[in-house]
Amino acid sequence: MPAWVPGITFPWGWDTAGPSTLFRNFPFRCRALLPTSRAAPAGQEESRPAPGDFELSGRLPSSPTTICAIGSIGLSAAMAGEYRLLLANARQLVLVCGHGEQYLLREGMARLDVLRDASLVVGLDGYIKAVGPADAIRRRFAGATFESKIDCTGKCVLPGLVDAHTHPVWAGDRVHEFAMKLAGASYMEIHQAGGGIHFTVEHTRKATEEELFATFKHRLERMCRAGSTLVECKSGYGLNLETELKMLRVIERARQSMDIGISSTYCGAHSVPKGKTATEATDDIINNQLPKLKELQQSGEIHVNNIDVFCEKGVFDVDSTRRILQAGKDTGLQINFHGDELHPMKSAELGAELGAQAISHLEEVSDEGIAAMAKAKCAAVLLPTTAYMLRLKQPQARKMLDEGVIVALGSDFNPNAYCFSMPMVMHLACVNMKMSMNEALAAATINAAYALGKSDTQGSIEIGKQGDLVIINSSRWEHLIYQFGGHQTLIDYVIIKGKVVYKNESCDMISSY
């Protein structure tokens, strides 16, 4: 292969009409050869290659002659045709990563790919077609037409946020339990007194499907306004076949009727139903609920991505958890479960052994569990809001990062931890779990998408990925994390597949500072 000189536009590329394994694994990834330079953490010098050393990079320079390729033509050729969206003149365009990474580890999380004075184009299919210097995009697409154009001068564009753990379908709030917690009651004390999950189960069983959908839709809309464009949504407040399927139908209805991305999780083992032992509940899930779920999946009535179990002392032990997760995996579901939250259960070791995509909570994870997860490339979905609200010890985010674990974030939205906002989750991850802002953003985008098996299409701004984007009214992207609770003023637009799904009507009249 001939050596390429910086400044030369690629004369070819791959068709980028949609995500393609071949395209995503192509060595050049339709990008220019550039001197490597990425934003270094504060206090560290920017690393640069020796003279003459160049490698593929998602970072695009200000020079209009060194730009990415698009479709089967270099951007040096004019691009006509019709496109869905142009975002122009962004002060910062945060790619997060630009080399087709499926996830980022500590070093990659510390050095995010960020473009200055950049623009991007989303095609009619909802996928990103071009990312590059604003002047270059303007010239190359001078003959193109766009359904929408947004001037991002002075603003920042980020990937849509990914919430990797939520329980958003339920009836009956538990505000009274918050008062009990403040008075000193523990999670398990409330649970054993008939509150907690069982209180919500009782109300959810009584609610109609229409009632559940109405509240679920409202919650998803609030998540979207806070910047989330992909959300994991669990069942788990039924604990019997009828109600679990009712919840999954509600999730499926939202998946088909709403723009927000949904990863659906069957969580029939969220707690042991009243009147049954854990063994009886396990047998019911394996012998009755999972076969019915498989039947409905095959008929196309519902689509479920993941299986979850609450592996905890007094709930489902390791042996029961193993049986349920393996049965779910055998039906084609990804393993993505609660582990090592209140007591050390060796859940992390179990998940690594079974090939879990992700494990959530992990406040009580062992050193051996951390090592096993790192080796297995099993994502740790950390939930700083839960540790904060339940006054639990914080997950060991720094140790996990240092040991090579893929760290992701989720809100754990549920009646017990009522938070819709991934910007607030990122802030708490920084303050309480000692993550940097770069690490928190990577954990709430590319790594959260990986935890859901979706990082091939979502979680970063790259050619061929979905045009899921957030525009904030600030000249630095870090304000989304820095301004605790400030997202309602900061976020101007939320965009999914190139379509504006939320616009802050006051965005042109107010300052975010």
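Let's begin with two helices that pack together: helix α7, residues 209-225, and helix α8, residues 241-257, meet at an angle of about 50°, with their axes 10 Å apart. Keep in mind as you look that this is a predicted model. Two packed helices are described by the angle between their axes and the distance between the axes, and we will use that pair of values for each helix pair on this tour. With their angle of about 50°, α7 and α8 are therefore oblique to each other. Their crossing is right-handed.

Which residues make the contact between α7 and α8? From α7 come E209, E210, L212, F213, F216 and L220, and they meet K246, R249, V250, I251, R253, A254 and S257 of α8. Sorted by class, the residues of this contact are seven nonpolar, one polar and five charged. If you find F213 and F216 on α7, and then V250 and I251 on α8, you have picked out some of the residues that take part.

Next, move along the chain to helix α9 (residues 278-299) and helix α10 (residues 318-330). Here the packing angle is about 5°, and the axes lie 10 Å apart. That makes α9 roughly parallel to α10, because angles under 35 degrees count as roughly parallel. On the α9 side, the contact is made by A278, T282, D283, I285, I286 and L290; on the α10 side, by S320, R323, I324, A327 and G328. This contact divides into six nonpolar, three polar and two charged residues.

A third pair waits a little further on. Helix α11 covers residues 347-354 and helix α12 covers residues 367-376; they pack at an angle of about 20°, with axes 8 Å apart. That makes α11 roughly parallel to α12. The two pass each other in a left-handed crossing. In α11, the residues A348, E349 and A352 meet E368, G369, A372, M373 and A376 in α12. By class, five residues of this contact are nonpolar, one is polar and two are charged.

Now let's turn from helices to empty space. How many cavities of 30 Å³ or more does a search of the whole structure find? There are two. The largest has a volume of about 140 Å³, and 16 residues line it. Nearest its centre lie Y187, H270, D412, N414 and N416. The lining of this largest cavity has five nonpolar, eight polar and three charged residues.

The second largest cavity holds about 50 Å³ of space. Its lining is made of P159, G160, V162, T229, T457, Q458, G459, S460, Q466 and D468. Grouped by class, two of these lining residues are nonpolar, seven are polar and one is charged. To locate this cavity in the structure, you could start from P159 and G160, then look for T457 and Q458, which also belong to the lining.

Note on methods:
Residues numbered from 1 in each chain as written. Predicted model: local features only at pLDDT ≥ 70, side-chain atom pairs only at ≥ 80, totals over all residues. Heavy atoms only, no water. Axes fitted to C-alpha atoms, helices over the stretch in contact; angles between N-to-C directions. Helix = DSSP H or I, 4+ residues; strand = E, 2+ residues; numbered from the N terminus. Parallel < 35°, antiparallel > 145°, perpendicular 65-115°, else oblique. Contact = heavy atoms within 4.5 Å. Nonpolar A, V, L, I, M, F, W, Y, C, P; charged D, E, K, R; others polar. Left-handed = near helix turned anticlockwise from the far one by under 90°. 1 Å grid on protein atoms, 1.4 Å probe; cavity = no way out; pocket = protein on both sides within 12 Å on 5 of 7 lines; lining within 4 Å. Points joined across faces, edges and corners; volume = space filled by probe spheres on them.
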